[in-house]
Amino acid sequence: MESLPTEVWFSITEHFTHDEVQALIGVNRFFFNLGMDARYEDITIETSGKQVHLYLEHVMQNHVAKRIKHLTVQLQPVLPVRPIRALHSAPQPPSKREQFKKGFKTIVRKVLPERSPSPSFLPKPIETNEALVQKLIDVITCMKNVVDFRIVTWAFPEANYDLQPLHNAAWNTFGVNLKRVSLCANMEGHKSLIASNPRFKKLETLELEFSDTMNPFPVNNTSPASSDAAQIMTGAVVPFVNKLSPQIKTFKIRSWASLDLSNLFLGVDQFPVLEAILFRIPFNFALRSNPSGLTTFLHASSKTLKKVALRLTPVGLALDPLREEPLCQWMTETVSNSLCFSNAETLDICPTHLPGGMSILHSCVEHSTEHLSRFVLRDRYLTYEDVVPFVKTLRGARYLTSLRLNVFTLNAPMFDAFARDLPTLQLLWLSVGDADSSAGSHQLSSLREDMKTRKYDTWNLWDLSIWQGGSELDGQTMLAIASSIPSLGSFWENGHKRIDC
């Protein structure tokens, strides 16, 4: 092994799974370092755990801290420590196994005392929020190689505790090296994060998440008014985003709040190198006052956008036309511009459940046919009558290799359409309607029989993933479909067609 160059071994281990690398950690120094890197490259610190003090003490050790590149901190208040009640039972004599273990530990302590620390040296549990914040500061300052940082503060009583030192510790330690940052907070939390004046010289991915979660221990039993939130948006968030916009390649916004984000889109500058967006926000809340800012943003960014994910489903009763109508109208007007999404390679959208949603789908694909390689439909389920004409529209996307759709039912003519109009497709992902009905079982039985008469020799499909009712489709039907597709080599992106019974 040692006769091979290290570069060769690195190339070989690229084909190992995470578990396989972990299994080899004791072979030699090379695999030890490789396994340690794999284990600690990406960690999450959840401060609500009972043993968080032990975990923090562990990850701040240099041999661990130096390996951490992707760090998530989910900040939650300290839970009160409850005393453990003593059990009033008669003591039992130790078993022979317990006697052996006790004697063995005694010998080890005499021979290797430094490896058997006394319980008095173990870190004490963290009992206050002040102590928790200080411990996190101590830990974060040890992690100098972090390039991807996500911090979640919306569950922490920030109004009662100053998090500025924690934010400053992060930015001073690894802020200049960050390529991705994800800031998840309520509006007051975002104000605090931005006020710490981070400097992100290498940042390429900016993610903002908004929550309605307020201080669970308010000082005056009040919460910020919507006017205060709007002031923070225009006075802090927008300038912060504009400062970074010239360098950002990926911009993501998620909102679980009733917050109006209209002023954010109305106020942001152009992103000259923006390549990817993901906006998962409820249209009826997030853009209720003025959605024109998002329209302008999408049109201006379409020159550079390659990956587009728009999930704007309104909050409220499912399939409520009154809630979806404004979104459908806005999307129709937005995609009426032929330049919208004209350079997109990936489209991931929900076009509403209204009849006009199908026109939106067709328009999106028609605008992006020159570059489109992956298309994802969210939430809406299509009938066979919807699928066939839509697949014909997708036929114009000559580079399309991946397709994800939701369909009410499966039938052989649907696969005929896929194979005929999308010969270069390599990955097909389908979610099928409810699996519990007897009609659905009969349709699958008919599908299996019909597929026996098909053979798609010119279709290049490699992977097929079909889900029904949240579970993998039954193996019998999957194998029946696979028998008609000679090129098929994988189910559910596993790299094989083995069916686990």
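Begin by selecting strand S9, helix H15 (residues 356–368) and S10, which together make a right-handed β-α-β unit. The model on display is a predicted one.

Keep S9 (residues 346–349) selected and show its side chains. Thr 346 and Asp 348 point one way, Leu 347 and Ile 349 point the other way, and all are buried. In a regular strand, side chains alternate between the two faces of the sheet.

Next, add the strands that pair with S9. Strand S8 (residues 307–311) runs parallel to S9 and is joined to it by four bridges; within this pairing, Ala 309 stands opposite Asp 348. Strand S10 (residues 374–377) also pairs with S9 in the parallel sense, over four bridges. Here Thr 346 stands opposite Arg 374.

Now move to helix H7, residues 129–140. This helix of 12 residues reaches 16 Å from its first C-alpha to its last, close to the 16 Å expected at 1.5 Å a residue. Select its buried residues: Asn 129, Leu 132, Val 133, Lys 135, Leu 136, Ile 137, Val 139 and Ile 140. To view their surroundings, display strands S1 (42–46) and S2 (70–74) together with helices H4 (52–59) and H8 (164–174), against which the buried residues of H7 pack.

Finally, select helix H9, residues 187–195. At its N-terminal end, Asn 186 acts as a cap, with a side-chain oxygen 3.3 Å from the backbone nitrogen of Glu 188. Along the helix, Met 187, Gly 189, His 190, Ser 192, Leu 193 and Ile 194 are buried. Conclude at Asn 197, just after H9, where phi is positive at about 55 degrees.

Definitions and conventions. Residues are numbered from 1 along each chain as its sequence is written. This is a predicted model: local features need pLDDT of at least 70, side-chain atom pairs count only at pLDDT 80 or more; totals for chains, interfaces and linings use all residues. Side-chain values use heavy atoms; hydrogens and water are left out. Buried means under 20% relative accessible area, exposed over 50%, partly exposed in between (1.4 Å probe, protein chains only). Helices (H or I, at least four residues) and strands (E, at least two) are DSSP runs, numbered from the N terminus. A polar contact is a pair of N or O atoms within 3.5 Å; within protein, one must be able to donate a hydrogen and the other to accept it, and residues adjacent in sequence count only if both atoms are side-chain atoms. Two strands pair if DSSP finds at least two bridges between them. A crossover is right-handed if, with the strands pointing away from the viewer, the path from the first strand over the helix to the second runs clockwise. The expected span of a helix is 1.5 Å times one less than its number of residues. Contact means heavy atoms within 4.5 Å.
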